[in-house]
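Me: I would like to go through this chain by question and answer. Please show it, and then we can start.

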Amino acid sequence: MAKNASLLFLIMMVCLSEGVLDSHYYLKTCPNAENIILQTVYNASIHDPKVPARLLRLFFHDCFIRGCDGSVLIDSTPENQAEKDGPPNISLRSFYVIDEAKAKLESACPHTVSCADIVAIAARDVVTLSGGPYWSVLKGRKDGKISKASETINLPAPTFNVSQLIQSFADRGLEVKDMVALSGAHTLGFSHCSSFQSRLRNFSSTHEIDPTLESGFAQILRNKCPKPNLDKNAGQFLDPTSSTFDNVYYKRLLEGKGVFGSDQALFVDSRTRGLVGQFAQDQNLFFKEFAASMVNLGNVGVIQNGNIRINCRVPN
């Protein structure tokens, strides 16, 4: 019941968010806002090459729960376990980059730029800095006050099939093309074994290994994720050029080398196979559709009458 109520809330917020945001929202109130965020993100990425993938993932995980309201940034308290401590979010990192950007913005233009907008702008910046497309981020989001770990059950899982993925994205007002394009964010980043190890052993009553997984790659993954696995940091990069935003992710799906079951399913299912093929063949097309879909995702659950948190970790 709680899950259905949460999804209904999201659908209502998608409808309310239409036409609210503006690419020039801070033009008069904080004209240097985007430059401040870009510089902060750039400096962090230079010192830690894992930052781009982490900030991009942060945007997804924020927008998929209660919409793009910065609720994923809120810290848990004795009275409330927040989103960042829900099972799918325990591995989220680099919150400090958002904290640093917020501190600089509060100094430059106090009580003006929302935490939700910082996350959205930072996600665009890490894509561009990694060689991906640039797009104009629509701004004007307000920050949410509610963050519940229990609601992270609504995040799409790496074990989802295409029907489950389509439904998850549709619940947020996003189409199949959005889903396939946004899955391309997996061109950046790394996954721990726990997210894909079910594909490697005892997959089903008839297959020891997921049959959609290319056999040589399956063996590589099995070697990296032995059973028992004593290395909690063991895992696999989601594509071989994991620090570069490109279309190699889709090319790997054509070869049966998607790390997640939900990734490989995009090429197996006839509803999404064509888009995978198009994006694998034409990187410019992928960049165009990814940018458009990031704008669509950024419109999910926008709060019109909320407030702007002074500290992104604490509701006002």
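The turns below cover the fold, the surface and two residues of a predicted model.

Me: In what order do the elements of the chain run from the N terminus on?
Reply: The model is predicted, and its chain holds twelve helices and two strands. Each strand is followed by a helix in the order of elements, which reads α-α-α-α-α-α-α-β-α-β-α-α-α-α.

Me: Why does the chain count as being as compact as a globular protein of that length?
Reply: The C-alpha trace spans about 60 × 45 × 40 Å along its principal axes. For 316 residues the globule rule gives 20 Å, and the chain comes close to this, so it is as compact as a globular protein of that length; its radius of gyration is 19 Å.

Me: What share of the contacts with a separation of 6 or more comes from residues 24 or more positions apart?
Reply: Burial gives some background: 53% of the 316 residues are buried. Among contacts with a separation of 6 or more, the share from residues 24 or more positions apart is 75%.

Me: How far apart are the mean positions of the positive and negative charges?
Reply: The chain exposes about 14,300 Å², and carbon and sulfur atoms supply 56% of that area. It carries 32 positive and 31 negative charges, and the distance between their mean positions is 3 Å.

Me: Which residues does the UniProt annotation "binding site" cover, and how far apart are their C-alpha atoms at most?
Reply: According to the unreviewed UniProt entry, the annotation covers Thr 187, Asp 239 and Asp 246. They span 60 residues in sequence but gather at one spot, because no two of their C-alpha atoms are more than 9.7 Å apart.

Me: Is Asp 239 buried or exposed, and what is its relative accessible area?
Reply: Asp 239 sits in the loop between β2 (235-237) and α9 (248-254). Leaving out residues up to four places away in sequence, Asp 239 touches His 186, Thr 187, Asp 246, Val 248, Tyr 249 and Arg 252. Buried means under 20% relative accessible area. Asp 239 is therefore buried, at 2%.

Me: Which residues is Asn 307 in contact with, leaving aside its neighbours within four places in sequence?
Reply: Asn 307 belongs to the segment after α12 (283-298). Its relative accessibility is 19%, so Asn 307 counts as buried, the cut-off being under 20%. With those neighbours left aside, the contacts of Asn 307 are Lys 142, Asp 143, Lys 145 and Asn 316.

Note on methods:
Residues are numbered from 1 along each chain as its sequence is written. This is a predicted model: local features need pLDDT of at least 70, side-chain atom pairs count only at pLDDT 80 or more; totals for chains, interfaces and linings use all residues. Side-chain values use heavy atoms; hydrogens and water are left out. Helices (H or I, at least four residues) and strands (E, at least two) are DSSP runs, numbered from the N terminus. The radius of gyration is taken over C-alpha atoms; the globule rule is 2.2 Å times the number of residues to the power 0.38. Buried means under 20% relative accessible area, exposed over 50%, partly exposed in between (1.4 Å probe, protein chains only). Contact means heavy atoms within 4.5 Å. Accessible areas come from the Shrake-Rupley method with a 1.4 Å probe; for residues, only the protein chains shown count as cover. Lys and Arg count as positive and Asp and Glu as negative; His and the chain ends are not counted. The place of a charge is taken as NZ of Lys, CZ of Arg, CG of Asp or CD of Glu. UniProt positions are given in the numbering used here, feature names are shortened, and annotations may be inferred rather than shown by experiment.
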